[in-house]
Amino acid sequence: MSEREFSGIIDMNLVILEKSGGILYGGKEIGEGALMCLSHQVELEEGYVLRSYFSMLTKYPIFQKLNAFFSSYLERVESSPEEGCEYPGIEHLELVKTVEMIGYPGKPKMEIYTTLKAVAGNETSEIDSIHLESLLDMPVKLGKLKHIVLGDRVDTFEFQTVFTLFEFIDGIAWELGFHGRPVQCQLRR
Amino acid sequence: MFERILFATTASPTCDDAAKVAFDLADKYNSEKLFVFHVPGFPTRGYSQFLRDSRTGDEEQISPEYLDWIHEEMKNTYGTLLEDCKNCEVITRIGVPSTEILRMARENSVDLIIMGAHTRQEDVGATRYRSISGSNMRKVAQKARCPVLIISRPCTTCFKLFSHIVFATDFSKPAGSAFQFAMDAAKDVGARLYLFHAVDISGLHVGRELNQKDIEERVAAAKKKMEEKYVSKMGDFDNYEIAIWEGLPYVEVLKYARDKQADLVVMAHHTKDVDPEEAELGGTVEQVVLRSACPVASVNRPDRL
């Protein structure tokens with residue numbers, strides 16, 4: 001039993017995302033009340049992969065309304081091989097939260113956003129050049145919170161953090177919305 | 001087709017993809033001139049001897065040495081590309097970047113402006129809260145009298161080999177200029193032209209929800225409009241296809257472009273019923289520019305077509 005499960009207090013606000021796409025709340029799978037869990041914090045079951053994320057969307061179609069691209073992603077997932085969709089050189093995908101203090105341009109401000117990155121060893125990299133079909137069986141993990149102060153991306157602070165179910169669904173969907181490289185050009189000619 | 005090209009650059013890695021397209025285009029079209037143009041910053045006030053760097057916000061003294069240094073840095077940045085380019089000119093000017101780019105384009109009667117989508121490298125997540133596209137790109141696309149080609153991803157095919165050009169329209173007046181450019185480009189390179197319109201049924205706005213009959217009527221009306229407005233002007237050009245989809249416009253444009261393996265998406269830069277002088281970059285174009293796998297050409301005036 002984890003420290004969090006043992007406390008029983010935070011547990012009230014926790015959902016566990018299963019590898020199969022199910023969502024557990026209080027040890028039981030949630031039904032029609034899925035929307036009520038959007039503000040709950042998430043934990044990922046061991047072996048959770050990007051395909052599990054899309055299985056969740058299929059299992060709880062109400063979440064598909066959160067992003068206009070979901071229907072086309074699900075079509076692509078449907079037409080992909082059922083296993084082996086992995087990209088060499090990447091160990092896992094990590095959802096990271098960033099708090100950034102910005103001094104210029106414009107007035108000083110603070111922004112909070114999530115990013116999905118590829119992780120290999122201690123290195124992280126962008127995934128926008130990798131096609132969705134090559135990422136489906138990559139493990140997904142929840143990362144830390146990065147604090148960037150006034151553009152200094154080298155000396156960043158890192159903290160433990162939690163992600164809500166909404167941040168998890170929306171963060172991955174937003175990132176995938178920017179995916180695409182014209183590989184078809186190379187293939188065609 | 002592109003005699004005089006202006007490549008507006010921040011001289012940083014964010015413009016590398018745009019640089020490759022610009023130099024390639026100038027080479028393939030044997031262009032009379034390619035201007036490699038950079039505006040490092042704007043004077044702190046009036047005729048001040050100091051400038052504020054437009055990327056970092058740092059204050060720098062304007063001196064011949066400083067300008068020479070920038071010029072030299074530009075030459076180093078594009079070293080190999082410049083060596084292979086016969087008619088290139090590297091130009092640096094102090095001022096507000098968007099204003100200077102437009103001024104430069106006007107003074108030199110350029111046929112095409114090529115830009116990257118961003119001034120600086122952004123995390124994808126960050127674009128959610130910031131201006132989704134670079135403000136300079138937005139201002140240039142809004143006011144330029146010539147087409148603006150915006151490159152945000154590596155382009156693996158050179159312009160002359162483009163074989164699928166998608167023209168996405170909202171039937172506005174500026175879309176007519178975009179159509180002209182798309183058709184000229186398709187004829188020039190022998191590409192298939194896809195005329196596309198998305199009927200907005202996203203349900204994001206308050207109003208009567210469309211039923212199936214309404215949607216079918218709108219699709220039919222859009223198809224008729226497509227025939228009247230564009231097909232009638234094509235003459236003997238028959239390498240085209242019409243498609244009307246329904247959904248959220250930018251999502252449908254991107255899905256259609258992907259489906260057709262588009263090499264180029266051409267759009268007018270703002271939504272209809274807006275004066276070109278006052279229009280912001282259309283939300284649909286902004287979304288398409290950053291998410292599209294291929295280059296996007298924003299055209300809103302017929303002056304330099």
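Q: The expected span of a helix is taken as 1.5 Å times one less than its number of residues. In this predicted model, how far does H6(B) reach from its first C-alpha to its last?

A: Helix H6 of chain B covers residues 173-189, a run of 17 residues. At 1.5 Å a residue, the expected reach is 24 Å. The model comes close to that, with H6(B) reaching 25 Å.

Q: Which strands of chain B do the buried residues of H6(B) pack against?

A: Let's start with the residues themselves: the buried ones in H6(B) include B:Phe179, B:Phe181 and B:Met183, and B:Pro174 and B:Ala186 are also among them. The helix lies across four strands and runs at about 170° to S9(B). The buried residues of H6(B) pack against S9, S10, S12 and S13 of chain B.

Q: What phi does B:Gly190 take just after H6(B)?

A: H6(B) spans residues 173-189, and B:Gly190 comes just after this helix. The phi of B:Gly190 is positive, at about 75°.

Q: Which strands are at the edges of the open sheet in chain B?

A: The sheet holds 10 strands in the order S6-S2-S1-S7-S8-S13-S12-S9-S10-S11, with mixed pairing. From one strand to the next, the twist averages 25°. An edge strand here pairs on one side only, and that description fits strand S6 (88-92) and strand S11 (240-247) of chain B.

Q: Which residue of S7(B) is the bridge partner of B:Ile5?

A: Strand S1 (residues 4-8) and strand S7 (residues 112-116) of chain B run parallel and are joined by 3 bridges. In S7(B), the partner of B:Ile5 is B:Leu112.

Q: Which residue of S2(B) stands opposite B:Ala8?

A: S1(B) and S2(B) run parallel, with 5 bridges between them. Strand S2 (residues 33-38) is mostly covered, as 5 of its 6 residues are buried. Opposite B:Ala8 in S2(B) stands B:Phe37.

Q: Is B:Ala105 buried or exposed?

A: This alanine is found in helix H4 (residues 97-107) of chain B. Leaving aside residues up to four places away in sequence, B:Ala105 touches B:Leu6, B:Val110, B:Ile113, B:Ala144 and B:Cys146. The cut-off for burial is 20 or more other C-beta atoms within 10 Å. Because 25 other C-beta atoms lie within 10 Å, B:Ala105 is buried.

Q: How far apart in space are B:Ala105 and B:Ala19, C-alpha to C-alpha?

A: In sequence, the two alanines are 86 residues apart. In space, C-alpha to C-alpha, their separation is 17 Å.

Q: Which element gives the most residues to the side of domain 1 of chain B that touches domain 2 of chain B?

A: The domain assignment of chain B places domain 1 at 1-156 and domain 2 at 162-305. Their contact takes 20 residues from domain 1 and 20 residues from domain 2. On the domain 1 side, the elements giving two or more residues are helix H5 (135-143) and strand S8 (148-151) of chain B. With 4 residues, the element that gives the most is S8(B).

Q: How many nonpolar residues are on that side of domain 1 of chain B?

A: Sorting this side of domain 1 by class gives 4 polar and 4 charged residues. The nonpolar residues there number 12.

Q: What percentage of the residues in chain B are buried?

A: Chain B has 9 helices and 13 strands. Among its contacts between residues at least 6 apart in sequence, 76% join residues at least 24 apart. Of the 305 residues in chain B, the buried ones make up 45%.

Technical notes
Residues numbered from 1 in each chain as written. Chains lettered and ligands numbered in written order. Predicted model: local features only at pLDDT ≥ 70, side-chain atom pairs only at ≥ 80, totals over all residues. Domains from an automatic or database assignment. Contact = placed C-beta atoms within 7 Å. Nonpolar A, V, L, I, M, F, W, Y, C, P; charged D, E, K, R; others polar. Pairing = 2+ DSSP bridges. Axes fitted to C-alpha atoms, helices over the stretch in contact; angles between N-to-C directions. Buried ≥ 20, exposed ≤ 12 C-beta atoms within 10 Å, placed from the backbone.
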